[in-house]
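Here's a quick briefing on the side-chain contacts in this one. Have the viewer open as you read.

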Amino acid sequence: MLFAGTVFWLSQSFLRQQIDSTVEADANGLIETYESGGLELLTELLKTRLKRLTKDDVVYLLTDREFRPVMGNIAEWPKALPREEEWAELDRGPRYPDDTDLRILHRVLPDGHHLLVGRDTSQAEELEDRTIITLFIVLLLTLTTGGVAGLFLHFKLRSRLRLIAETCGEIAEGNLAHRIPIEAVRDELDAMSLTLNMTLDRVEQLMQGIRQVSNGVAHDLKTPLTRLRGQLEMLALVEEDEQKREKMGFALAEVDRLLSTFSALLRISRVESGDSLSEFVSIDLSALLHDAVEFYEPIAEERGQELLLQSESEILLSGDRDLLFQSMANLIDNAIKYGDGRTEISLHRVQDDAWAEIIVSDQGEGIPEPDLDQVFERFYRVERSRTRPGNGLGLSLVAASVKLHKGTITLKNDNGLTVSILLPLT
């Protein structure tokens, strides 16, 4: 807009200057004629010029000292025109199209006569109008092109930022194998993405190292512990001293607890690595929950608790049956262990039958709000004293299993703890 305004102002100034220069040169020539030949020669020259005029775009008027017309192509001194010697503009009236104006120069001759020389500015005004239209079209095209380019860059940038955000979201969910795509433009976003990818590579290496160490320790210790258990069991069978047999029983229980912990660690690592994907088959969730509830009913009865199952007739999905059964068993076991009264388990379809929701709720104390986001971590336990049985790996296995099946898990305190699992049916 500044450029268009500057061009218009310069073109308008140039046209005005050209008209003024022409009028001034014409007036100076007439005055020189007067100075060389007097009033008689000036009138003869004016007569000649007036005869040659084919248009009224040039104005001449010679008046006496009292502004009475002597010669010219206008009848009288214009009323709107000042009588001082200066430049002026004059509207020629409604007879002329577009309110045509005159640019007039008033000169006083040495004997007191007055000379008016003028030029029509309609062509200049028409050229100015065309200049305005041209500049407006150029400005419109510039804004349109800039707007289209701006929208293109906006959507391009937004799509790249959305891709970065989606990738970071997947990484935040624990999938460290994802990387932010790098484009060929090599701009600041690519530099940032490259730095993030290098950071993720380093983090993934560290996480894999930690997993390998923990898995190696668990695997290496599981074999000697199994041998130790077998030897303790054989000694307990042949030992006749009741007190020693009791101590061996305690030792066997501790070994079993360690073996259970190592087995859970190895199972979680196997799930997180995706090895269980090859074992996916069609599963009836209703039958799986019935089996889990039937397995834990005697334990619940011993604790004076009640298991209630509400399930639809048949809900099928593709998954690892053993892994899902272990996950449901962990949830039911926690509900019995930490709950009071009864445990309710429900299964139904949601969201246009595209998902299956499993809800396990108890009437216990629940989990403190600050701990809700941490209970899925390995070995994390809400009970700091760790007097109750458990190793802090049950919910970690559940979370890994749900993630493997592309589902989600949420915890909520509502008159106890309510665990909600959403699993896709396709």
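This predicted model holds two aromatic pairs. It also has 12 salt bridges, and there's a glutamate, Glu357, that is buried without one.

**Aromatic pairs**

- Phe67 and Trp77 are an edge-to-face pair, because their planes sit at 70° with the ring centres 4.7 Å apart.
- Phe67 comes from the loop between β1 (58-63) and β2 (69-72), while Trp77 comes from the loop between β2 and β3 (87-91), so the contact ties together parts that are 10 residues apart in sequence.
- Both rings are tucked away: Phe67 is buried at 14% relative accessible area, and Trp77 is buried at 6%.
- The other pair is Phe295 with Tyr296, also edge-to-face, since the planes are at 75° and the centres 5.2 Å apart.
- Here the partners part ways on burial: Phe295 is exposed at 53% relative accessible area, whereas Tyr296 counts as buried at 9%.

**A charge over a ring**

- Phe67 has another neighbour to look at: Arg83 lies over the face of its ring, 4.4 Å from the ring centre.

**Salt bridges between helices**

- Asp190 and Arg160 form a salt bridge, with their closest N and O atoms 2.9 Å apart.
- That bridge links distant parts of the chain, as Asp190 is in helix α3 (residues 188-238) and Arg160 in helix α2 (residues 122-172), 30 residues apart.
- Asp190 counts as buried at 3% relative accessibility, and Arg160 does too at 12%.
- Asp291 and Arg321 form a salt bridge as well, at 2.7 Å between the closest N and O atoms.
- This one joins helix α5 (residues 285-302), home of Asp291, to helix α6 (residues 321-338), where Arg321 sits, again 30 residues apart.
- Asp291 is partly exposed at 33% relative accessible area, and Arg321 is partly exposed at 31%.

**Within a helix, and a network**

- Lys337 and Asp333 meet in a salt bridge at 3.3 Å, N to O.
- The two are four residues apart in helix α6, so about one helical turn separates them.
- Lys337 counts as partly exposed at 21% relative accessibility, and Asp333 is partly exposed at 24%.
- Arg16, Asp20, Glu89 and Arg103 are linked in a salt-bridge network.

**The buried glutamate**

- Glu357 sits in strand β10 (residues 355-361).
- What is the nearest side chain of opposite charge to Glu357? That's Lys412, 8.2 Å away, and Glu357 has no salt bridge.
- The Glu357 side chain does make a polar contact with the side chain of Ser420, at 2.8 Å.

Note on methods: Residues are numbered from 1 along each chain as its sequence is written. This is a predicted model: local features need pLDDT of at least 70, side-chain atom pairs count only at pLDDT 80 or more; totals for chains, interfaces and linings use all residues. Side-chain values use heavy atoms; hydrogens and water are left out. Rings of Phe, Tyr and Trp (its six-membered ring) pair if their centres lie within 6.5 Å; planes under 30 degrees apart count as stacked, over 60 as edge-to-face and the rest as tilted. Buried means under 20% relative accessible area, exposed over 50%, partly exposed in between (1.4 Å probe, protein chains only). A charge sits over a ring if NZ of Lys or CZ of Arg is within 6 Å of the ring centre and within 35 degrees of the ring normal. Lys and Arg count as positive and Asp and Glu as negative; His and the chain ends are not counted. A salt bridge is a side-chain nitrogen of Lys or Arg within 4 Å of a carboxyl oxygen of Asp or Glu. A polar contact is a pair of N or O atoms within 3.5 Å; within protein, one must be able to donate a hydrogen and the other to accept it, and residues adjacent in sequence count only if both atoms are side-chain atoms.
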